[in-house]
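This report looks at where two chains meet and at the spaces enclosed by one of them. Please keep the structure in view while reading.

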Amino acid sequence: MALPKRIIKETERLMAEPVPGISAVPHEDNLRYFDVSIHGPSQSPYEGGIFKLELFLPEDYPMTPPKIRFLTKIYHPNIDKLGRICLDVLKSNWSPALQIRTILLSIQALLGAPNPDDPLANDVAQRWKEDQEAAIQTAREWTKTHAMT
Amino acid sequence: MDSEDEFMSEPPSGDEIDFDEGTQDSDIGSLSGDFDHDHDNGFGYEKDILANPQKPYEVDYRILSPKDIHSHQERQFNEVSSIIELPPEQAAILLRYMRWNKEKLIESYMDNPEQVLEAAGLGPTLAASPKTKTVKGFTCEICYEDDPTMQTYAMKCGHRYCVGCYSHYLTQKVKEEGEAARIECPFDGCHRIVDSKSLKLLVDPSIQDRYEVLLTRTYVDDKDNLKWCPAPECEYAVECAVKKRDLNHIVPTVRCAYDHSFCFGCSLSDHRPAPCSLVKQWLKKCEDDSETSNWISANTKECPKCRSTIEKNGGCNHMTCRKCKHEFCWMCMGPWSEHGTSWYNCNRFEEKSGADARDAQARSRHSLERYLHYYNRYANHEQSAKLDKDLWIKTEKKMTSLQTQSNMSWIEVQFLDTASKALQACRQTLKWTYAFAFYLQRNNMTEIFEDNQKDLEMAVENLSQMFEKPVNELGSLKVEILDKTTYCNRRREILLSDTAENLKKGTGCTSLV
């Protein structure tokens with residue numbers, strides 16, 4: 001099936017004017033499938049890490065949101081063991097006027113501002129609330145072991 | 001009121017109402033006839049009261065068809081629209097936003113129209129009807145098409161997209177996500193609500209129909225005095241004025257146009273005489289407890305000293321409680337020290353200490369057994385009602401074969417159908433009387449209640465037995481079955497009236513534990 005103009009344009013723009021700290025490259029054999037990497041924001045426990053994600057644009061895109069998952073292990077209250085992400089714009093607050101670019105920026109912002117009150121990984125969120133310093137320390141260690149190779 | 005009651009609106013005075021309208025209603029006159037003779041002058045206006053006085057366990061309600069619901073909404077849109085001078089489709093959005101509280105809407109709109117419009121997702125408004133148009137040099141932000149002949153659309157918020165994308169977006173929302181009243185503009189962060197005129201301009205008729213259905217659904221869901229009939233595929237709603245706080249002493253059972261009966265309070269099937277809160281409690285208890293309790297009752301005993309529950313899974317009768325180290329005999333529950341040399345086989349006859357220990361055991365088991373007593377009867381009636389339902393399917397066949405075997409006409413074999421219906425209704429009631437009884441405090445009124453329960457139960461069992469006779473005997477039993485059916489219905493009414501009255505008073509047999 002021919003790729004919709006929307007996806008072609010978005011891809012072109014992602015290549016021509018990449019967002020600082022974020023890269024998204026489509027697979028040659030499947031232009032709906034992207035390899036993504038996001039740099040951990042500075043001043044966060046993820047600083048210095050490079051996190052790999054996979055992104056897939058479903059048939060209905062942009063009417064339905066893209067499917068995104070972390071491939072790199074990460075210690076974060078809104079990201080679970082399988083790399084799934086709890087983020088409003090990926091679910092109920094998705095709008096077809098949003099783009100791959102804006103979504104990836106939102107994910108980067110989520111790394112900078114974890115939200116333990118709306119958790120996906122319960123154990124992490126619990127720890128984050130009870131002993132934030134220790135949780136942040138663990139996040140830092142995980143970043144070092146898994147995201148800096 | 002049931003529709004059949006309308007037949008009874010003709011007689012000019014209450015004196016004439018004792019005639020038999022059918023087995024189901026035959027006892028009304030004698031039951032409360034004295035009461036309604038006082039209302040003779042109210043003919044016409046109070047014809048329902050006159051013809052068929054409301055029984056204590058009945059509530060007033062009205063059945064609404066999908067058409068009624070639609071026109072109800074339309075009327076309110078137009079009313080509000082004429083007062084606040086906005087087009088009806090915008091009045092509709094405002095009403096839905098305010099959850100159909102007309103007074104509050106008008107008041108707050110009069111105070112500060114901009115704020116209300118903004119909050120409801122309407123933003124600044126113009127009264128023109130929506131149109132699509134082509135725009136020079138336009139690129140749709142969703143599909144990135146820039147064909148200059150492309151039709152585009154934007155609501156008053158100015159977020160413009162091509163018609164194809166807009167329509168696809170709305171279709172997705174209505175069809176896949178089931179949204180209607182709160183579909184927002186596709187632009188990220190714009191909370192303007194898509195009104196019905198815009199939607200109808202953009203989507204296919206089939207989606208429009210779906211949209212209407214969903215809107216109607218939110219109307220009924222939003223209003224406290226409306227409820228959908230919970231039966232599958234049933235499209236009727238019921239309007240009833242019973243408030244939530246009254247549910248402790250009224251069981252508002254209603255019936256839709258297809259004769260599905262349900263409780264207006266909790267949407268479960270008819271659970272008279274037990275009130276909703278009690279039903280909820282009971283169902284939860286049964287879910288948690290019944291199997292566990294059964295097992296505990298059958299397989300365990302309690303330590304006579306510390307009451308720990310003990311399962312004996314092997315070994316001799318000399319028990320030593322793990323918790324309190326008390327030593328006792330599993331057979332007689334008496335202390336082991338008294339057993340002397342008769343180990344491994346308790347053959348002592350009723351020593352006092354053993355009997356005492358068993359008494360104590362019995363007392364502590366009492367609450368468990370009490371629960372099981374009621375639960376087993378409740379479950380039994382539930383099961384029997386299921387069987388009766390199967391029987392009802394067979395009834396149809398019985399009715400046909402009875403016609404051929406005994407030259408009875410279709411009308412003449414209807415008594416089987418009536419009997420089957422009565423059986424089911426009575427079993428349903430009986431079932432809930434047991435849940436109800438479990439929570440009753442014991443006093444003088446309890447006895448009356450239990451007598452009523454017993455009478456109904458006997459009547460039901462008798463009828464049930466007769467009902468199962470072979471077809472060739474049924475013809476000759478017709479009169480008896482008719483009698484028994486009437487009797488069952490009557491016992492049921494008495495029981496329901498009695499409990500409903502006591503519930504209303506909040507006294508007597510219904511002081512809940």
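By class, four nonpolar, two polar and three charged residues make up the lining of the largest cavity. The model discussed here is predicted. The cavity has a volume of about 50 Å³, and the count of cavities of 30 Å³ or more comes to one. Its lining consists of B:Arg370, B:Tyr374, B:Ala437, B:Leu440, B:Gln441, B:Arg442, B:Thr446, B:Phe449 and B:Glu450. Two elements of chain B, helix H11 (352-406) and helix H13 (444-467), each give two or more residues to this lining. H13(B) gives the most, with three residues.

The second largest pocket also has a lining that can be described by class and by element. Its volume is about 340 Å³. Of the 17 residues that line this pocket, B:Asp224, B:Asn225, B:Lys227, B:Lys244 and B:Phe264 lie nearest its centre. Helix H9 (205-222) and strand E4 (226-228) of chain B supply at least two lining residues each. E4(B) gives the most to the lining of this pocket, with three residues.

The table sets out the two spaces by volume and by the classes of their lining residues.

| Space | Volume | Nonpolar | Polar | Charged |
|---|---|---|---|---|
| Largest cavity | about 50 Å³ | four residues | two residues | three residues |
| Second largest pocket | about 340 Å³ | eight residues | two residues | seven residues |

The remaining topic is the interface of chain B and chain A. How many residues of chain B are in contact with chain A? There are 14 residues on the side of chain B, in contact with 14 residues of chain A. The area buried between the two chains is about 1300 Å², and carbon and sulfur atoms give 54% of that area. In chain B, the residues that lose the most area to chain A are B:Ile142, B:Tyr144 and B:Asp188, which together account for 47% of what that side buries.

Two salt bridges are found across this interface. B:Glu145 forms a salt bridge with A:Lys5, where the closest N and O atoms are 3.6 Å apart. Seven residue pairs are in polar contact across the interface, with both residues at pLDDT 80 or more. Helix H7 (residues 163-176) of chain B supplies the largest share of the side that touches chain A, namely four residues. By class, that side of chain B has eight nonpolar, two polar and four charged residues.

Notes
Residues are numbered from 1 along each chain as its sequence is written. Chains are lettered from A and ligands numbered from 1 in the order in which they are written. This is a predicted model: local features need pLDDT of at least 70, side-chain atom pairs count only at pLDDT 80 or more; totals for chains, interfaces and linings use all residues. Side-chain values use heavy atoms; hydrogens and water are left out. Contact means heavy atoms within 4.5 Å. Buried area is the accessible area (1.4 Å probe) that two parts lose on being put together, summed over both. A salt bridge is a side-chain nitrogen of Lys or Arg within 4 Å of a carboxyl oxygen of Asp or Glu. A polar contact is a pair of N or O atoms within 3.5 Å; within protein, one must be able to donate a hydrogen and the other to accept it, and residues adjacent in sequence count only if both atoms are side-chain atoms. Ala, Val, Leu, Ile, Met, Phe, Trp, Tyr, Cys and Pro count as nonpolar, Asp, Glu, Lys and Arg as charged, and the others, Gly among them, as polar. On a 1 Å grid over the protein atoms alone, a cavity is a set of points where a 1.4 Å probe fits but cannot get out, and a pocket is an open set with protein on both sides within 12 Å along at least five of seven lines; lining residues have an atom within 4 Å of a point. Grid points are joined across faces, edges and corners, and a volume is the space filled by probe spheres set on the points.
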